[in-house]
Amino acid sequence: MTVEETQHADPNGSVMVVSNHVSWLDIFVINSLYPCRFVAKSDIRDWPLIGWLCEKSGTIFIARGRQRDVRKIYESLVESLQQGERIAFFPEGTTAPQGKILPFHANLFEAAIEALAPVQPCAIRYVDKHGRLHRAADFVDEMSFMESITMILKSRGMTAELAFLPQISTGGAHRRELAAQAHDAVKAALGYSGD
């Protein structure tokens with residue numbers, strides 16, 4: 001697999017990276033070019049090998065529905081951004097098949113606003129040698145992790161394309177506006193229509 005990159009990624013300074021979410025591969029593709037600390041749901045920690053790799057790369061695991069934990073993690077995100085770190089998350093909250101982008105949840109965008117850190121939208125897709133969306137990358141519905149790995153290993157000629165889009169300033173912004181702006185930028189970069 002190869003990775004292609006476009007401009008707009010600032011190698012220095014604090015930024016909140018947000019991207020559409022196709023597969024468990026996304027974290028590794030983004031980190032290969034633009035190392036970040038990812039926010040991920042806590043059950044990923046239990047995945048064979050991937051959970052261990054995510055933990056070793058500094059992933060911040062969040063358990064949904066545990067308000068006290070969410071607040072503590074939110075404060076940690078603000079502090080990390082203020083200290084110049086890059087934090088990344090997938091605001092769709094789950095994976096979506098290529099060709100579709102789900103609405104972006106706005107909650108974690110608040111950390112970028114509070115830390116005065118810009119939002120760095122990214123668009124990711126996986127294509128075959130003809131430039132068509134490669135379905136082997138899709139990690140959706142009831143697919144197991146092992147089924148996904150098997151499909152990816154059997155695939156031929158898959159290329160990950162990663163586009164860093166212009167950063168969005170958080171000064172004076174509202175989290176819902178930021179989420180909508182980032183969503184629209186990613187959707188346009190991928191050439192997707194509709195919601």
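**Exercise 1. Decide whether Asp 128 is buried or exposed, then describe its surroundings.**

*Solution.* Start with the accessibility: Asp 128 has a relative accessibility of 15% and therefore counts as buried, since the cut-off for that label is under 20%. Bear in mind as you work that this is a predicted model.

Next, place the residue. Asp 128 sits in the loop that runs between strand 6 and helix 5 (145-154).

Then look at its side chain, which reaches the backbone nitrogen of His 130 at 2.8 Å. Finally, set aside residues up to four places away in sequence, and Asp 128 is found to touch His 134 and Gly 157.

**Exercise 2. Work out which residues of helix 5 are buried, and where they fall when seen down the helix axis.**

*Solution.* Begin with a list: Phe 145, Ser 148 and Ile 152 are the ones to mark as buried in helix 5. Now look down the axis of helix 5: the buried residues fall within an arc of 60 degrees, so they line one face of the helix. To finish, turn to the other side of helix 5, where Leu 153 and Lys 154 are exposed.

**Exercise 3. Find the residues with the most contacts inside the largest nonpolar core, and name the elements that give two or more residues to this core.**

*Solution.* A general point helps first: in soluble globular proteins, nonpolar side chains tend to be buried together.

Here, the largest nonpolar core has 33 residues, and Val 39, Leu 77 and Phe 109 have the most contacts inside it. Two or more residues of this core come from each of strand 2 (15-19), strand 4 (60-62), helix 3 (67-82), strand 5 (86-89), helix 4 (109-115), strand 6 (119-127) and helix 6 (175-190). Apart from this core lies another, with 25 residues, including Val 22, Ile 30, Ala 88 and Leu 162.

Now take Phe 109 as a worked case. Without its neighbours within four places in sequence, Phe 109 is in contact with Met 16, Val 18, Phe 89, Pro 91, Phe 104, Val 119, Arg 175, Leu 178, Ala 179 and Ala 182.

**Exercise 4. Locate Leu 116 and Asp 141, and say what phi each has.**

*Solution.* Take Leu 116 to begin with. Its phi is positive, about 60 degrees, although Leu 116 is not a glycine. Leu 116 belongs to the loop between helix 4 and strand 6, and with a relative accessible area of 68% it is exposed.

Asp 141 comes next. Its phi is also positive at about 60 degrees, although Asp 141 is not a glycine. You will find Asp 141 in the loop between strand 6 and helix 5, where it is exposed, with a relative accessible area of 75%.

**Exercise 5. Determine whether Ser 80 is buried or exposed, and list its contacts beyond four places in sequence.**

*Solution.* Ser 80 is part of helix 3. Its relative accessible area is 5%, so Ser 80 is buried. Leaving out neighbours within four places in sequence, the contacts of Ser 80 are Arg 37, Glu 85 and Ile 87.

**Exercise 6. Describe the chain as a whole: its elements, their order, its burial and its surface.**

*Solution.* Count the elements: there are 6 helices and 7 strands. Put in sequence order, they give the pattern β-β-α-β-α-β-α-β-α-β-α-β-α.

For burial, 49% of the 195 residues in the chain are buried. For contacts, consider those between residues at least 6 apart in sequence: 74% of these join residues at least 24 apart. For the surface, the accessible area of the chain is about 10100 Å², and carbon and sulfur atoms account for 50% of it.

Note on methods
Residues are numbered from 1 along each chain as its sequence is written. This is a predicted model: local features need pLDDT of at least 70, side-chain atom pairs count only at pLDDT 80 or more; totals for chains, interfaces and linings use all residues. Side-chain values use heavy atoms; hydrogens and water are left out. A nonpolar core is a set of buried Ala, Val, Leu, Ile, Met, Phe, Trp, Tyr and Cys residues joined through side-chain atoms within 4.5 Å. Buried means under 20% relative accessible area, exposed over 50%, partly exposed in between (1.4 Å probe, protein chains only). Helices (H or I, at least four residues) and strands (E, at least two) are DSSP runs, numbered from the N terminus. Contact means heavy atoms within 4.5 Å. A polar contact is a pair of N or O atoms within 3.5 Å; within protein, one must be able to donate a hydrogen and the other to accept it, and residues adjacent in sequence count only if both atoms are side-chain atoms. The arc is that of the directions from the helix axis to the C-beta atoms. Accessible areas come from the Shrake-Rupley method with a 1.4 Å probe; for residues, only the protein chains shown count as cover.
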